[in-house]
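I opened a fresh page for this one. I wanted to see how charged side chains pair up, and then how the chains meet.

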Number of protein chains: 2
Amino acid sequence: MIPLRIRSSGVALPDNCVTSGELDSMLHHARGYCESRSGVAQRYFADGSLRQSRLGAQALQDALRRADLAPAGLDLVIGACAVPEQAIPATAVFIAQHAGVPAGVPAFDVNASCLSFLVALRLAAGMLADQQYRRIAVVAVDLASRGIDWDAPEASLIFGDGAAAIILERGAGGGIESFRYATYPEGARLCQIRGGGTAHNPRTAAVPADYLFQMDGKGVFRLASQHMGAFVADLLCDAGVTLADIDLVVPHQASHLGIEHMRRQLGIAPERMVDIYARHGNQVAASMPSALHHALDGQRASTGSRLLLIGTAAGLSLGGMVLAL
Amino acid sequence: MIPLRIRSSGVALPDNCVTSGELDSMLHHARGYCESRSGVAQRYFADGSLRQSRLGAQALQDALRRADLAPAGLDLVIGACAVPEQAIPATAVFIAQHAGVPAGVPAFDVNASCLSFLVALRLAAGMLADQQYRRIAVVAVDLASRGIDWDAPEASLIFGDGAAAIILERGAGGGIESFRYATYPEGARLCQIRGGGTAHNPRTAAVPADYLFQMDGKGVFRLASQHMGAFVADLLCDAGVTLADIDLVVPHQASHLGIEHMRRQLGIAPERMVDIYARHGNQVAASMPSALHHALDGQRASTGSRLLLIGTAAGLSLGGMVLAL
């Protein structure tokens with residue numbers, strides 16, 4: 001086990017709450033269409049002037065407040081977003097700046113699309129275990145609304161903006177019992193934003209649509225389903241536990257069908273699964289840590305609990321962790 | 001010390017070598033202007049059709065060949081680029097795909113701008129030390145040419161495209177004797193590409209110039225100089241060594257003035273410093289691992305050598321490592 005302790009967590013949402021009824025009106029659908037199609041009752045959208053890092057800093061400040069810590073108490077800030085604020089520098093730099101983290105504290109990003117938080121958690125545990133850092137903040141913030149293609153019926157209705165921050169310390173008891181991440185590049189184009197980097201930019205004839213999120217939901221489902229059973233079995237086996245030993249499952253809040261499929265596949269009751277999807281939508285990389293925050297804040301998980309963090313990311317990647325609190 | 005062994009390294013360059021004389025013609029400067037101004041005799045530029053990940057895969061294949069390894073011998077691929085190929089998914093996914101890395105091998109990115117490789121090296125060492133992975137490839141590839149603003153006299157002449165890959169294993173004798181990374185967000189806008197993320201995209205009225213690299217070279221120099229002396233002293237102190245114990249310095253190849261200033265500040269002879277800048281330019285995140293590759297390939301460093309890896313990144317960040325081979 002890699003020792004790890006969650007000192008605190010925090011979240012932040014933009015002011016603008018958008019119900020599925022409002023989307024019905026905006027997109028000229030019959031009343032009830034967007035909610036029944038997406039499973040999302042409401043989600044939050046940033047207005048055009050909000051910078052991603054400002055929302056991330058709010059989540060970090062919430063986590064600091066709950067831990068009764070000053071920003072100077074952090075040794076490292078890891079940004080864990082799917083899409084950055086800008087290509088250069090790292091989003092963590094802006095988050096640290098807006099949260100008042102003192103100059104000199106290192107800030108860099110980890111990017112594993114929707115599972116950036118999970119991977120950052122694993123990397124942070126490694127950095128804490130070898131004693132270089134005492135306290136690390138992982139901050140995930142995504143503004144999916146900036147990349148929604150309103151002409152894509154499937155992908156446009158599921159997303160919401162949001163931020164979550166987790167403050168980590170060296171473990172004394174709890175920690176990572178197992179971690180797995182598996183990438184299937186045959187699915188590299190099942191979820192993508194083609195723009196934003198060197199492949200499609202103004203110098204190589206990019207078009208505005210290159211900056212919108214594209215998803216082949218059926219393809220993702222097919223490829224993920226093919227591997228998920230064995231993946232979870234291996235993850236539990238590595239930890240030396242069975243599903244019966246898991247107190248709570250914290251899935252990436254990908255979609256209502258995805259969460260429900262996962263729950264049925266694992267064969268667990270709804271009360272053993274965290275589901276904040278209907279009131280937040282899929283918050284991309286902020287989704288899993290937001291769900292984790294809600295579980296901790298709602299006393300559904302506490303010291304001694306064993307969690308299964310699990311999900312898929314663009315790549316296509318599967319990621320999971322057995323985490324003892 | 002965190003045990004770490006460099007099993008092999010590899011590099012790749014695009015076909016198109018551009019001399020400073022050619023730039024003089026293209027930019028209507030007097031013969032000799034571009035080389036004297038930038039210190040770069042030649043650099044390599046990808047043509048418009050080359051994908052970043054293809055070049056990264058070539059470097060990874062070069063490193064695999066030199067280690068006599070098949071792609072199946074890798075347990076993890078970390079992408080360490082300053083700018084990705086596209087916003088989603090991670091560049092490492094495409095690199096793994098093009099290099100023939102088997103499905104299921106995890107692939108994600110670490111982003112610390114020009115020092116992404118240095119940070120990835122530190123994180124990889126942590127993942128190897130706790131025994132989860134046996135062999136990790138870190139691949140840095142940047143196509144700076146896609147973001148050069150030809151109207152910016154300072155920043156336009158220094159960059160070149162390139163890729164480098166390092167294959168890492170658990171250490172037997174060598175390893176990381178010290179690592180430091182320090183971020184000064186007051187310098188967050190000294191080096192930047194404003195586009196590519198959520199801040200400036202077609203939905204928030206981006207203009208083509210947002211996708212070009214901007215640099216305030218004097219500002220970078222001023223802020224970096226202010227902190228570099230103490231930073232290096234602390235880094236050496238952490239490792240319990242002095243500069244006399246360092247066999248070779250591998251700096252980020254930022255600029256000829258930057259490298260020369262670093263050399264004078266450290267007070268070391270040119271033969272103790274790796275300088276590939278004049279024939280490659282600043283290859284962004286690929287710069288430091290390319291310099292490391294040249295040092296290893298040219299027998300300037302080998303088992304038993306102690307290296308100082310050092311540089312600055314957009315952020316503004318300072319990063320360094322004392323690495324015993």
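**Entry 1: a pair inside a helix.** I began with Asp62(A) and Arg65(A), which lie three residues apart in helix α3 of chain A and so are separated by about one helical turn. I am working on a predicted model, and I keep that in mind throughout. The two residues form a salt bridge, and I read 3.5 Å between the closest N and O atoms. The spacing makes sense to me, because an α-helix has 3.6 residues a turn and residues three or four places apart point the same way. Next I asked how each partner is placed: is Asp62(A) buried or exposed? I found 10% relative accessibility, which is under the 20% cut-off, so Asp62(A) counts as buried. Arg65(A) is exposed, with a relative accessible area of 60%.

**Entry 2: a pair between loops.** I then looked up Glu85(A). Its salt-bridge partner is Arg51(A), with 2.7 Å between the closest N and O atoms. Glu85(A) sits in the loop between β5 (76-79) and α4 (91-99) of chain A, and Arg51(A) in the loop between β4 (42-45) and α3 (52-67), so the pair ties together parts that are 34 residues apart in sequence. I checked accessibility here too. Glu85(A) has 0% and counts as buried. Arg51(A) has 23% and counts as partly exposed.

**Entry 3: a network, and the total.** How many salt bridges does the structure hold over all chains? I noted 30. In chain A, I also found Arg5(A), Arg7(A), Arg135(A) and Glu169(A) linked in a network of salt bridges.

**Entry 4: pairs across the chains.** I turned to the contact between the chains. The count of salt bridges between chain B and chain A is two. I looked up Asp130(A), which forms a salt bridge with Arg122(B), the closest N and O atoms being 2.8 Å apart. This pair crosses between chains: Asp130(A) is in the loop between α5 (116-129) and β7 (135-142) of chain A, while Arg122(B) is in helix α5 (residues 116-129) of chain B. Asp130(A) is partly exposed, at 26% relative accessibility. Arg122(B) is buried, with a relative accessible area of 0%. I then took Asp130(B), which forms a salt bridge with Arg122(A), again with 2.8 Å between the closest N and O atoms.

**Entry 5: the symmetry.** What rotation superposes chain B on chain A? I got 180°, with 0.0 Å of shift along the axis and an RMSD of 0.0 Å. The two copies are thus related as by a two-fold rotation axis. In chain B, I found the C-alpha of Gly196(B) nearest the axis, 1.8 Å from it.

**Entry 6: the interface.** I noted 72 residues from chain B and 72 residues from chain A in the contact. Of the interface residues of chain B, 100% are also interface residues in chain A, so the copies meet through the same surface. The chains bury about 5,800 Å² between them, and 59% of it is on carbon and sulfur atoms. On the chain B side, Ile88(B), Thr198(B) and Arg203(B) lose the most area to chain A, together 12% of what that side buries.

**Entry 7: helix α3 of chain B.** I went to α3(B), residues 52-66. It has 15 residues and reaches 22 Å from its first C-alpha to its last, close to the 21 Å expected at 1.5 Å a residue. Its buried residues include Leu55(B), Gly56(B), Leu60(B), Asp62(B) and Leu64(B). Which elements cover them? Among them I listed β2 (5-12), α4 (91-99), β7 (135-142) and α10 (287-297) of chain B. After the helix comes Asp68(B), whose phi is positive, near 55°.

**Entry 8: a glycine in a strand.** Last residue of the day: Gly319(A), in strand β14 (residues 317-324) of chain A. At 0% relative accessibility, Gly319(A) counts as buried. I listed its contacts beyond four places in sequence, including Leu115(A), Arg180(A), Tyr181(A), Phe231(A) and Ile310(A).

**Entry 9: a record to compare.** UniProt, in an unreviewed entry, places the feature "domain: Beta-ketoacyl-[acyl-carrier-protein] synthase III N-terminal" at residues 108-182 of chain A. Over this stretch I read 24% helix and 37% strand, with the end C-alpha atoms 23 Å apart.

Notes
Residues numbered from 1 in each chain as written. Chains lettered and ligands numbered in written order. Predicted model: local features only at pLDDT ≥ 70, side-chain atom pairs only at ≥ 80, totals over all residues. Heavy atoms only, no water. Helix = DSSP H or I, 4+ residues; strand = E, 2+ residues; numbered from the N terminus. Buried < 20%, exposed > 50% of the residue type's maximum accessible area, 1.4 Å probe, protein only. Contact = heavy atoms within 4.5 Å. Expected span 1.5 Å × (residues − 1). UniProt positions renumbered as here; feature names shortened; annotations may be inferred. Salt bridge = Lys/Arg side-chain N within 4 Å of Asp/Glu carboxyl O. Least-squares fit on C-alpha atoms with pLDDT ≥ 70 in both. Buried area = accessible area lost by both parts, 1.4 Å probe.
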